[in-house]
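Colleague: Could you take a close look at one helix pair for me and then work outwards from there? I'd like the geometry, the residues that make the contact, and how that part fits into the rest of the model.

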Amino acid sequence: MKTIKFNISLFIFFLLFSTSCDKSITNKEELTAFLPASIDAQAGKWKTAVLANATEISIPEPASVQSAEYKNELAQLKTSMSQLTDKQKEAINYWSGGVTLRWNQIMRELVAKYNLPPVANEDGTYPIPSAANPLAYPLFPFANPPYASRAYAYVSIAQYDALVAAWNYKFKFNRPAPSKTDNSIQALVPVSDLPSYPSEDAVIAGVTLEVMKLLFPGEIDFLTQKAEECKNYALWAGKNVQSDINAGEALGKAIALKAVARARTDGAGQAVGNPELWKSLETKAIERGEMPWKSLETPARPPMLPNFGKVKAWTLSAEEVVKLRPEPPPATNSEKMKTELAEVKWYAENLNSERLKIVHFWADGVSTYTPPGHWNAIATELIVKAKMSEIRIARTFALLNMGLMDAAVCCWETKMHYFNPRPSQLDPSIKTITGVPNFPAYTSGHSTFSGSAATVLAYIFPNEGANLQKMADEASSSRLYGAIHYRSDCEIGLRCGRIIGDYAVKWGRQAGE
Amino acid sequence: MKNTVKIKTIFSFLFSLLFLTFFSNGSLRAQTFTDGQMMGRGLFCGGLSYTYDSWKNYWEGSLKRENLNLGTVSNQNITVMGALGINKKINVMFMLPYVWTKASAGTLAGMSGIQDLSIGVKYRPIDLKSEIGRFNFMVVGAFSAPLSGYTADFLPMSIGLEAKTLQGRLIAHYRFKNGIFATAQGGYVWRSNILLDRTSYYTDGQQFRTNEVQMPHVAHFTARAGYMQERMILEAFFEQMNTLGGGDIRRNDMPFASNMMNFSRLGMMATYRPKGYKGFGFSLSGSTVLSGKNVGQSTSVTATLLYIIRGWGE
């Protein structure tokens with residue numbers, strides 16, 4: 001009997017031990033409040049992208065710090081600060097890590113959530129997600145890489161424009177933060193000398209919410225709640241008074257309308273194409289004497305967003321997009337293609353653990369935030385280290401995502417123009433180490449994205465330049481190692497990406513540094 | 001009869017340690033500690049088994065579907081195993097599978113490699129004999145860890161889930177003198193976190209910005225009943241595995257290592273020790289998944305060859 005008791009207690013001990021071990025997971029990019037290295041007082045003069053200029057949208061002149069109206073606001077601020085709930089304190093903690101950085105994380109999460117290809121219909125066709133009915137299956141959007149690049153670009157660029165306008169007014173009206181005008185107010189977050197009217201946090205809340213509603217219409221409740229917190233945290237933390245918030249939110253929303261108007265007419269609505277277009281891409285490839293791309297999925301799925309190459313770019317005209325299209329890939333029946341195909345097959349059959357790691361590190365496939373999101377994550381780490389001001393953070397994301405979306409436009413234009421088959425189509429014995437994307441091979445999207453992103457980030461973070469370009473090389477090679485791209489796709493894609501990245505850098509230089 | 005029972009015991013015990021993946025072998029192998037028998041002192045049993053497990057349909061959350069881009073996914077393994085009787089009450093065992101996977105359609109490459117080494121100790125504190133039969137109660141502790149650098153992040157082609165495990169099990173067994181027997185086993189499998197080769201992933205309605213994945217623990221229950229005589233055992237078994245946490249596979253998403261993989265499995269097993277081949281035995285087992293969540297509806301066949309030798313003792 002004694003032994004039984006002993007054994008049972010041993011077992012219970014084992015259970016307790018095993019369940020009490022700490023398995024909790026810590027997310028990277030833990031953002032904490034900081035004072036920026038510079039407040040970038042000149043940034044109100046930077047060139048904007050969707051706004052004509054920083055003053056296109058006007059805001060009312062604020063009440064002076066001597067006015068009764070302002071003093072009343074200070075009194076209200078003190079009252080609300082003395083009654084903070086735990087939830088409000090939590091929001092302060094979250095958003096004080098940097099509102100632009102937080103929204104970038106939220107956006108990446110939504111991209112990952114919506115990055116799932118729809119299931120085929122019974123008859124072998126595929127349903128197309130509808131923005132008018134986003135929550136009915138298939139959910140809208142299917143946040144695939146081109147869609148994601150566009151989402152990141154619109155949000156980041158609208159945020160950048162909105163902050164340029166905000167900076168202009170901040171230094172025009174020069175109203176100090178409440179903790180600088182009233183000694184009895186102790187802000188709960190670090191406060192710089194940045195003028196507080198209008199609130200940059202409220203500007204970001206207003207502009208981001210309105211642009212993201214367009215891009216993720218199924219998430220309006222979630223986004224609205226986040227935006228409420230984003231603008232009010234500045235109030236709860238004693239960083240701004242109510243009129244700072246109100247003016248900021250209104251400015252942000254007005255600027256969002258400009259970005260949304262551009263988005264509605266940029267051609268993305270027609271990017272899905274139609275059966276005639278899908279057929280014509282195939283016919284044109286045959287007419288050129290080439291074997292056309294075929295979907296490797298069963299049932300065959302139409303190519304992903306075949307008209308995305310016609311979407312309006314940020315730093316390139318439609319003519320420039322066509323001009324940047326690289327030389328044709330090796331002909332499908334050429335010796336060069338045979339050699340390249342053999343190389344892909346070699347990688348498929350000689351996988352080692354080092355290459356497997358590289359393939360999976362950069363795969364960024366279904367249910368992830370896509371390669372553009374990966375480069376936003378890489379940028380986030382660098383931004384945090386550099387202690388950038390809110391507007392410099394927005395500028396970094398704007399330039400990065402401008403370059404990424406333009407990379408998507410150019411790459412998709414090239415892909416649909418040449419309509420070149422994947423290695424597994426030419427040789428079905430080639431099995432892949434990651435999913436084969438459902439669009440033509442030439443040029444590699446990952447390579448184009450990575451070439452562009454590394455070039456933009458190397459301009460902003462010159463000390464990291466060599467490392468960033470090495471990462472882009474690795475991202476590009478990962479597609480050859482994974483046996484889903486030929487060497488030409490990767491190398492030429494990378495080269496094009498770097499050229500496209502240079503356009504975004506040029507745009508940034510001209511806009512003001 | 002004694003040797004048949006021993007062979008059978010080793011076989012079923014060893015398989016209870018095998019923790020295959022997801023969609024592959026339905027994780028915990030069906031065959032578990034079926035009886036209260038132990039290897040005698042000084043006896044060593046070595047074994048080699050081959051398993052073919054495949055599924056065409058799987059559950060995406062609770063939704064059963066097929067996937068024309070996978071076709072039939074098979075998972076085969078050859079497993080070496082061994083068990084040693086330290087004494088009448090304590091046995092020590094190990095097992096190590098080599099696994100290879102394949103999808104009959106689509107482009108995804110099959111994976112292959114040495115999977116996880118399992119080492120376990122079985123202890124029998126209670127052994128009660130009476131006029132009508134015999135009652136055994138046993139406690140098992142086991143540990144497993146990957147022996148090669150395979151990836152769990154390529155399901156359903158991955159050969160394993162990478163997590164190290166600790167397993168604790170309680171077994172009650174009763175055998176009537178006429179050969180009819182029944183066994184119940186309940187176990188808890190503690191799983192370590194795993195590290196992916198990527199820096200973020202989305203599962204269970206949430207984006208994680210880390211390469212670390214929390215693997216929920218697993219509860220495992222089996223019931224077996226059958227009939228044994230001198231050279232043969234015939235039995236049926238039922239198995240229930242529940243993952244205590246984890247998210248569902250979303251519509252048309254890929255499976256993920258920490259998904260809530262649950263299933264019920266029903267199977268039959270026959271063990272035979274041919275006359276005149278002292279120490280040899282073999283067994284054949286087949287099973288099928290009846291219902292599940294985030295797993296393949298797999299059918300599995302295993303053939304095992306075992307040989308017992310005496311190391312020391314009488």
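Modeller: Start with helix 4 (residues 99-114) and helix 14 (residues 370-386) of chain A: their axes come within 10 Å and cross at roughly 155 degrees. Axes here are lines fitted to C-alpha atoms, for helices over the stretch in contact, and angles run from 0 to 180 degrees between N-to-C directions. Helices (H or I, at least four residues) and strands (E, at least two) are DSSP runs, numbered from the N terminus. Helix 4 and helix 14 of chain A are therefore roughly antiparallel; angles under 35 degrees count as roughly parallel, over 145 as roughly antiparallel, 65 to 115 as roughly perpendicular and the rest as oblique. The crossing of helix 4 of chain A past helix 14 of chain A is left-handed, the term for a near helix turned anticlockwise from the far one by less than a right angle, with clockwise giving right-handed.

On the helix 4 side of chain A, the contact is made by A:Leu101, A:Asn104, A:Arg108 and A:Val111, and helix 14 of chain A brings A:Thr370, A:Gly373, A:Asn376, A:Ala377, A:Thr380 and A:Ile383. Two residues are in contact if their C-beta atoms, placed from the backbone, lie within 7 Å. Sorted by class, the contact of helix 4 with helix 14 of chain A has four nonpolar, five polar and one charged residues. Ala, Val, Leu, Ile, Met, Phe, Trp, Tyr, Cys and Pro count as nonpolar, Asp, Glu, Lys and Arg as charged, and the others, Gly among them, as polar.

A word on ground rules: this is a predicted model, where local features need pLDDT of at least 70, side-chain atom pairs count only at pLDDT 80 or more, and totals for chains, interfaces and linings use all residues. Residues are numbered from 1 along each chain as its sequence is written, while chains are lettered from A and ligands numbered from 1 in the order in which they are written.

Just before helix 14 there's a backbone oddity: A:Ser367, in the loop between helix 13 and helix 14 of chain A, has phi near 70 degrees, a positive value in a residue other than glycine. Most residues other than glycine have a negative phi, and most peptide bonds are trans. On that second point, A:Thr298 and A:Pro299 are joined by a cis peptide bond with omega about -10 degrees. A:Pro299 sits in the loop between helix 10 (275-287) and helix 11 (318-323) of chain A.

Now zoom out to the domains. Chain A is divided into domain 1 (43-55 + 83-264) and domain 2 (299-313 + 330-511), with bounds from an automatic or database domain assignment. Their centres, taken over C-alpha atoms, are 27 Å apart. Across the boundary, 34 residues of domain 1 of chain A are in contact with 35 residues of domain 2 of chain A. Helix 4 turns up again here: along with helix 5 (145-173) of chain A, each supplies at least two residues of the side of domain 1 that touches domain 2. Helix 5 of chain A gives the largest share of that side, 14 residues. The classes on the domain 1 side that touches domain 2 of chain A are 21 nonpolar, nine polar and four charged.

Helix 5 of chain A also packs against helix 7 (residues 200-215) of chain A, the axes coming within 9 Å and crossing at roughly 150 degrees. That makes helix 5 and helix 7 of chain A roughly antiparallel too, but helix 5 of chain A passes helix 7 of chain A in a right-handed crossing. Contact residues include A:Ala158 and A:Ala162 of helix 5 and A:Val207 and A:Val211 of helix 7 of chain A. The contact of helix 5 with helix 7 of chain A has 13 nonpolar, two polar and one charged residues.

Then there's the other chain: 42 residues of chain A are in contact with 36 residues of chain B. Helix 1 (2-20), helix 4 and helix 13 (353-362) of chain A are the elements giving two or more residues to the side that touches chain B. Helix 1 of chain A has the largest share there, seven residues. By class, the chain A side that touches chain B has 21 nonpolar, 12 polar and nine charged residues.
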